[in-house]
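Grab the model and work through these exercises. Each one sets a task, and the solution goes step by step.

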Amino acid sequence: MSLLHIQQIQKSFGANQAVKGISFDVEAGEMLAMIGPNGAGKSTTFNMLNGQIRPDAGDIVFMGRSLIGRSPREIWQMGVGRTFQVAQTFGSMSLAENVQMALLSSASKVYALWQRATLFKRDEAIELLRLVGLETQADKACSALAYGDVKRLELAMALANQPTLLLMDEPTAGMASGERNNLMALIKDLVLDRKSRPNGLAVLFTEHSMDVVFGYADRVMVLARGELIAQGSPQEVRDHALVQSVYLGYGQTFQGVNA
Ligand code: ADP
Ligand code: MG
């Protein structure tokens with residue numbers, strides 16, 4: 001059984017069919033890239049997987065349980081992690097406190113106690129910061145962080161619920177190429193490190209840089225105008241004529257698609 005099984009999910013916004021009934025699987029422990037031009041339906045797909053958008057039709061089955069109708073919070077507690085957006089970190093709070101918040105939200109429903117809970121799971125928070133290379137900055141305010149470090153913090157927070165599946169929609173957006181490779185190498189190390197655990201850690205990510213996609217993905221899916229037009233190994237996808245024509249149709253090549 002696949003870790004995540006997606007069966008014919010669809011979503012329209014008015015007359016705009018953003019996602020037209022796509023099916024795919026994510027296997028335990030794999031790094032799977034979803035690529036495609038702007039407007040292809042990638043973010044809509046991710047938002048259906050994390051519970052922010054309910055599909056018009058189709059099913060999403062995670063570890064044998066349907067996610068349809070569950071809240072983002074429930075889905076997160078089941079072990080589907082996602083990177084938080086920058087705006088969702090609290091600038092005036094320290095890195096450690098941000099990670100503690102994420103740990104708190106995965107552990108309990110009680111937010112009201114936060115004022116008295118700044119010691120909650122501090123050690124665990126520091127351990128997560130260590131994993132992403134930020135432990136020496138644990139007590140710094142988030143607002144003082146460099147952009148690349150904010151992305152690392154988001155990753156530490158996404159790991160707070162010990163996910164078996166991590167959803168990352170454009171994790172390296174806005175990064176310079178060196179930083180981008182550092183973050184992806186870190187994610188790849190985490191995936192390799194967790195291979196020994198039950199179910200491991202699978203990552204589904206979108207990415208514009210083809211260097212990153214071909215450097216880090218085990219498998220690649222291509223979405224165009226709401227349909228999956230190809231999937232396979234990075235090499236198979238690179239050689240796929242239809243994929244090349246889609247990118248060329250948008251004035252981009254695999255060499256030059258880097259947004
Ligand atoms: P991608 O992430 O691949 O760039 P999106 O999933 O964001 O694509 O968008 C797919 C299509 O759905 C686009 O035509 C976009 O304009 C439309 N769309 C996305 N979100 C909304 C929304 N909340 N309301 C209306 N239209 C939307
Ligand atoms: Mg998007």
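**Exercise 1. Find which residue stands opposite Gln7 in E4, then lay out the sheet around that pair.**

Start at Gln7: the residue opposite in E4 is Asp59. This is a predicted model, where local features need pLDDT of at least 70, side-chain atom pairs count only at pLDDT 80 or more, and totals for chains, interfaces and linings use all residues. Residues are numbered from 1 along each chain as its sequence is written, chains are lettered from A and ligands numbered from 1 in the order in which they are written, and side-chain values use heavy atoms, with hydrogens and water left out.

Next, go up to whole strands. E1 and E4 run antiparallel and are joined by five bridges. Two strands pair if DSSP finds at least two bridges between them; helices (H or I, at least four residues) and strands (E, at least two) are DSSP runs, numbered from the N terminus.

Now place the rest. The open sheet has four strands in the order E2-E1-E4-E5, with antiparallel pairing. Its edge strands, E2 and E5 (65–66), each pair on one side only.

**Exercise 2. Work out how many bridges hold E4 and E5 together, and which residues they link.**

E4 (residues 57–62) pairs with E5 in the antiparallel sense over two bridges. Phe62 has Arg65 as its bridge partner in E5, while Val61 stands opposite Ser66. Then check the turn: the hairpin has two residues between the strands, and Met63 takes a positive phi near 50° there.

What packs on this sheet? H1 does, touching E1 (4–13), E2 and E4; contact means heavy atoms within 4.5 Å. The direction of H1 makes about 120° with that of E1. Axes here are lines fitted to C-alpha atoms, for helices over the stretch in contact, and angles run from 0 to 180 degrees between N-to-C directions.

**Exercise 3. Give the strand order of the six-strand sheet and explain why E6 and E10 each have a side without a neighbour.**

The order is E6-E7-E8-E3-E9-E10, in an open sheet with mixed pairing. E6 (80–82) and E10 (227–232) stand at the edges with a single partner strand each, so one side of each has no neighbour in the sheet. From one strand to the next, the twist averages 20°.

For a parallel pair, take E3 (residues 31–35) and E9 (residues 219–224), joined by four bridges. Met34 has Met221 as its bridge partner in E9. H1 packs on this sheet too, touching E3, E7 (165–168), E8 (202–206) and E9; the H1 direction makes about 145° with that of E8.

**Exercise 4. Pick out the polar contacts of ligand 1 and say which element gives the most to its shell.**

A polar contact is a pair of N or O atoms within 3.5 Å. Three examples, each to an oxygen atom of ligand 1:

- a polar backbone atom of Gly41, at 3.0 Å
- a polar side-chain atom of Lys42, at 2.8 Å
- an N or O atom in the side chain of Thr44, at 2.6 Å

Then the shell itself, whose residues have a heavy atom within 4 Å of the molecule: E2 (16–26) and H1 (42–49) are the elements that give two or more residues. H1 gives the most, with three residues.

Terms used: Polar contact = N/O pair within 3.5 Å; in protein donor to acceptor, adjacent residues only side chain to side chain.
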